[in-house]
Amino acid sequence: MPENIKKLLEIEYGLSGDISRLAGENENFLIRTKNNTSFVLKLACDQTIPGIPEIEHLAVECLFKAGLGISLPRVIPARSGSMEACLLTEDHKQIRGRLLEFVKGKAWRQSPPASIEQLETLGRLIARMDMAMSGIVHAGSRRTHPWDLTQAARHRPEISFIQDLEKRRILEWAFHLYTAIALPLLDRLPRSLIHGDLNDDNILVDNSRVCGILDFGDCLENPVVCDLAIALAYHTLDEEDPLEAAAIIIGAFHQVRPLSADEMNVIFPLMCARLAVSVIISAKRRKIDPLRESWFVSEQRAWQKLDAFSAIGPAQAAILLAGRTNLKPYENRGASAMELLKKRRKLIAPSISPSYEKPLKFLHGKGQYLFDYNGRPFLDLYNNVCHVGHCHPKVVEAGQKQMAKLNTNTRYLYDGLTEYAERLCDTLPRELDTCFFVNSGTEANELALRIARTCTGQKDMLVVDNAYHGHTTSMIDISPYKFMGKGGKGEAEPWVHVVPAADGYRGRFKGQGKDAGKAYGDEIESIIDVLSTPVAGFITESLLSCGGQVIPPEGYLETAFRHVRNAGGLCITDEVQTGFGRTGACFWAFKLQDVVPDLVVMGKPMGNGHPMGAVITRKEIADIFANGMEFFSTFGGNPVSCAIGLAVLNVIKEEELQKNAKLIGKRMMEGLYTLKGKHDLIGDVRGLGLFMGIELVNNRKTLDPAARKAHELVNLLKSQGILVGTDGPFNNVIKIKPPMVITQEDSDMFIRVLDDCLTDMENSE
Ligand code: PMP
């Protein structure tokens, strides 16, 4: 090779001298001529993408013209005048290369600790560079490469290359921040051609003066702030107080090229993501060539910084980083969680307990993420209210617009009510055609109970063991979850008859496959047979939520409904948790069992957080109910609620969320099955679409419920930024019912982190 290089230099450039290979990733050679002039020859390799050298050249020339007062690796044309020289070797190989001016100076990494002035110079320089390069337009700059910060999430699955649990935790944290905070904003930020790799080897320093910039090989079109974030990630690696040093660089940048609030907010997540990508690429490279030192110069320092950063909340980081600008991130966060908790204890009834050992205060929500007081994102895997994602802009807009226009009640006429009712009925079997609108699931169940009683002239109800249907007096009476639970009466009212849950894991007919559904259904017949009074109806969820995320076996509802109807009762399905496409397979979960209930109750996701509930039934039932007593709910079905409900239905359709539930649910279930094979604590995993349960047991034979461990796991997952809860009669089932917008990446992250948490728990046993 050196012989060929020698030849190329002589023929194409008329140069001769010492040739030595330069450290670094590429095939770069230092040429030192006899009269002590230096050049760099950059050889093209197979990976050199056509057009990229041209963009590099444009960038360097543009910066040269901008008069930044620094040296740049300008291209020296070959004798032929072309930017690239070419040599055909004797063995018929083609060598192509570009000769560049040698940029003098010492790498920032190898120079003495940076002074404030040096940091400021760097900040101003990056700003001026990016401003100058914003004028370059070249189609080829719209490219990507493994270091492209807008595509950092591509490296997320590679976290599993890292063996150490603690290091994996740090990487999960970094990618979570990046995905939840930076990614949604990146698309909206100003873009231009950027250098793309302003690391501490590519910035040269001479006597505390930034004197040169190297290596434009990674330049690409990107949000401008990425260039700054990359520089910050590397240039603070050796700083004792990296965020203070970064704040100095940012302050100087901001003076030349003001940052927006969004740009400010993404800097910390981007810095962390860059370091995370760097350590992952290092880990991968170690397998290829562990002795190539230049590949690992940042590795240890990057781990140290990531470790330190992971103890800092994004809010605190953003506040520190913006310290020398006029931006005020995270202003008006209100009281801290601790302060609020104290106040709450004074003012709010003690029977409402906040979730988690250390309760959370959220500042805002977006999609599947909630952000706490420290700006930390949490993947919300069990809020089935914010069905189409927290604060969905279309739902918010629909509510705001209608609220500003008109809000009345159902005694007046408005398009929204009938339009919404029509759209809801379109999702149901044809016979369910008449709507009642209320404000919550409880209210809807109350009304369904009243309708069943009025229409049958009976009082008694059949209810499923461990079920929950609402918080009012009569709903508590038909909720074994409550009256048999803590503080409950411990027995059913005489008019309430509890039927066993059709539980395929613990129930009486477990393991009986196809026959189990009928067998559980027939149990209802035997209960009815011994009753002294006829029943008004039977209420059940289509899938049992509080009962422990139970999927009743096939044929259960059909058999149950037949017996109830034979006894003169009406069948109510409570779809408060299971409706609106959550199961992926059907819009309403009762359809899974091929039945049509007499009354369908809906709530939670209906208004995506806006309080709404409804009962939908057959016209003939509604007619009998209309016995002269008026039904009126002041707020139920008001124009604002209808506009919001309609927007929710539209978003489910437009964003194909039912399909997403099916797809992601399947992927997550596969992941959970794998974990069940690995961790004995998991007794059962079950679910459909985005309605899933993981039942934890201390012993797979006795099924001894592992409630304490479930509690521990929920709090561990929370400490890793994932929100789930427990449910079931023994509180040992991890419930998963996330907003329907969760992605494949969220699901994969959950499975990885859950795996690590379970391993962690096993290790500490
Ligand atoms: N039914 C079911 C199945 C529920 O899960 C709930 C709430 N958890 C309700 C009814 C009551 O709904 P709300 O709290 O909106 O009154």
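A residue counts here as buried when its relative accessible area is under 20%, and as exposed when that value is over 50%. By that yardstick, and bearing in mind that this is a predicted model, helix 12 has two distinct kinds of residue to look at. Leu417, Tyr420, Ala421, Leu424 and Cys425 are buried in helix 12. These five sit on the same side of the helix because they cover an arc of only 130° around its axis. Turned away from that buried side is a face carrying Asp415, Thr418, Glu422 and Asp426, which are exposed. As for its dimensions, helix 12 runs over residues 415-426, twelve in number, and reaches 17 Å from first C-alpha to last. That is close to the 16 Å expected at 1.5 Å a residue.

Now for the ligand. The shell around it is made up of Ser440, Gly441, Thr442, Asn445, Tyr468, His469, Gly470, Glu541, Asp574, Val576, Gln577 and Lys604. Sorted by character, the shell comes out as seven polar residues, three charged and two nonpolar. Helix 13 (residues 441-456) gives the most to the shell, chipping in three residues.

Several side chains in the shell make polar contacts with the ligand. Thr442 places a side-chain N or O atom 2.3 Å from a ligand oxygen. For Asp574, the distance from a side-chain N or O atom to a nitrogen atom of the ligand is 2.6 Å. Lys604 likewise has a polar side-chain atom 3.0 Å from a ligand nitrogen. Taken alone, the ligand would expose 390 Å², and the protein buries 84% of that.

Notes:
Residues numbered from 1 in each chain as written. Predicted model: local features only at pLDDT ≥ 70, side-chain atom pairs only at ≥ 80, totals over all residues. Heavy atoms only, no water. Near = heavy atom within 4 Å. Polar contact = N/O pair within 3.5 Å; in protein donor to acceptor, adjacent residues only side chain to side chain. Areas by Shrake-Rupley, 256 points an atom, 1.4 Å probe, with all protein chains shown as cover. Helix = DSSP H or I, 4+ residues; strand = E, 2+ residues; numbered from the N terminus. Nonpolar A, V, L, I, M, F, W, Y, C, P; charged D, E, K, R; others polar. Expected span 1.5 Å × (residues − 1). Buried < 20%, exposed > 50% of the residue type's maximum accessible area, 1.4 Å probe, protein only. Arc of directions from axis to C-beta.
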